[in-house]
Amino acid sequence: MFRNVAELLEQANADSISISEVMIRQEMDIHQRSREEVMGQMERNLQIMEEAVERGLKGVTSHSGLTGNDAVLLQQYMAKGNTLSGHLLLDAVSKAVATNEVNAAMGMICATPTAGSAGCVPGALFAVKERLNPTREQMIRFLFTAGAFGFVVANNASISGAEGGCQAEVGSAAAMASAAVVEMAGGTPEQSSEAFAITLKNMLGLVCDPVAGLVEVPCIKRNAAGASNAIVSADMALAGITSRIPCDEVIGAMYRIGKSMPSALRETAEGGLAATPTGRRLADMIYGITKGKE
Amino acid sequence: MKYQSVFDIIGPVMVGPSSSHTAGAARIGRAARLIFGLQPTWATVHLYGSFAKTYRGHGTDLAIAGGLLGYDTDDDRIRFALETAEKHNMKIEFIEDTAATEHPNTARIKLGTDDSSMELVGISIGGGKVEITELNGFELRMSGNKPAILIMHNDRFGAIASVTQILAKHEINIAHMEVSRKDVGKDALMVIETDQNVEDDVMQVLEKASHINRVSRLIN
């Protein structure tokens, strides 16, 4: 089993295979499953992601009424053809938002790596798909590549907002997406790891401060930022730009930053945006009471 | 390494909104239900840390209730689990506990029927993955997403050997095994995670083995 990104790259290079292939072989090996089984399970995940995006693009509203329908607004805006950041980037953003709006509405999603950060990977995937026209297998491989990097983060740092803040969730998700975009675009395993490092560096320090404790504000828009960050960093890596701090060290930094974050900023809804006057007012409105304030 | 599968990272497929607070919570509830072996008529759930602070927003209560009803993370019925529990005369109480715990997402579930009860502690470690850390006062570490058998036995010579012999005879491979006891010669607990599901016939043989008091299992 690869324990870090350095070993992941080593295995890919030793056998001259892609990162997705390293992940597929490891999964088959450790869990004694056939290639068909492993690919089939991932295809089901892909299917769920596709359905969530489709549902979100039609418009959904969360139970609390706090969020919803922003994916629709973006698609309508894009249809006018006069966007500043360009079609592909906004497509990624709208599909990331769509996924997380469905999640907030207690709809069915695939956690990548978590539910709160479930938009980054499909957002990037289904936007890049329109440009690169991948086969179904390449789309499944996209998820294995993303998963390989997430596997390293989960085992060496954290993918939990309660433990490491939003950087551990949306930060990891965005970086995973970025690495997978690079592979789909024909980049090398090294370029995938550079894209991962660049993305995660730009997400370090992000706190988890959900208003009213709901996976809505600011989570949904953070996924929008994550998906766009993923694509921009992928382009940077494909251009040949490298991270001065190696990938594994960036992951280590993320872990240590998470450890030093106060509990108020780790998914307790006690600090950050949750503690703003508006954040508290929204919480009161949703629960009809003031939680432990009097 | 805590995470062994790519599907811990890309997955689970689940009802939103939170992998740790919804999917993980459902898995803890479901593990409790499966280990208990039947539908409880009552449950008291203590929530700690982030679980306590944000459970209503994440539907943690719905998810744990769903788990206690036997639902998995991708079961749409989770959304109505509290109403369903009420209809089934299952009384569930949630308590926001302020005691400090090692992990920020911890739940302690006491559950039972008129005749028997059980107490279990689970933590949700991220991405929907959970660990069961305590059962009836015994410390343990069990992932809850591998088949497992839990055996209450008397701390006597040969108790463990008799169990492993039965498993070997039925070609069930042990992935992870832990034994803990409260005191020398007293009640003890064996937790055995296996690569294969343990079928009914094996369970019956295990129940009859010497020094074994109670056997329960977790099916994947």
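Two strands count as paired here if DSSP finds at least two bridges between them. With that settled, let me start with chain B. This is a predicted model, so please keep that in mind throughout.

In chain B, 6 strands make up an open sheet, and the pairing is mixed. Reading across, the order is β3-β2-β4-β5-β6-β7. The edges are β3, residues 91-96, and β7, residues 138-142. Each of those has a single partner strand, so one side of each is left without a neighbour in the sheet. On average, and ignoring direction, neighbouring strands in this sheet are turned by 20° against each other.

Now one pair inside that sheet. Strand β2 of chain B, residues 42-48, runs antiparallel to β4 of chain B, residues 105-112, and 7 bridges join them. If you want a residue pair to look for on the screen, H46(B) stands opposite R108(B) in β4(B).

What packs on the sheet? Helix α1 of chain B, residues 19-36. That helix touches β4, β5 and β6 of chain B, and its direction makes about 150° with that of β5(B).

On to chain A. There we have 13 helices and 1 strand. From the N terminus, five helices come before the strand, and the remaining elements after the strand are helices. The radius of gyration of chain A is 19 Å, close to the 19 Å from the globule rule for 294 residues, so the chain is as compact as a globular protein of that length. Its C-alpha atoms fill a box of roughly 65 × 45 × 40 Å along the principal axes. Of the 294 residues in chain A, 57% are buried. As for contacts in chain A with a separation of 6 or more, 77% are between residues 24 or more positions apart.

Terms used:
Residues numbered from 1 in each chain as written. Chains lettered and ligands numbered in written order. Predicted model: local features only at pLDDT ≥ 70, side-chain atom pairs only at ≥ 80, totals over all residues. Helix = DSSP H or I, 4+ residues; strand = E, 2+ residues; numbered from the N terminus. Axes fitted to C-alpha atoms, helices over the stretch in contact; angles between N-to-C directions. Contact = placed C-beta atoms within 7 Å. Rg over C-alpha atoms; globule rule 2.2 N^0.38 Å. Buried ≥ 20, exposed ≤ 12 C-beta atoms within 10 Å, placed from the backbone.
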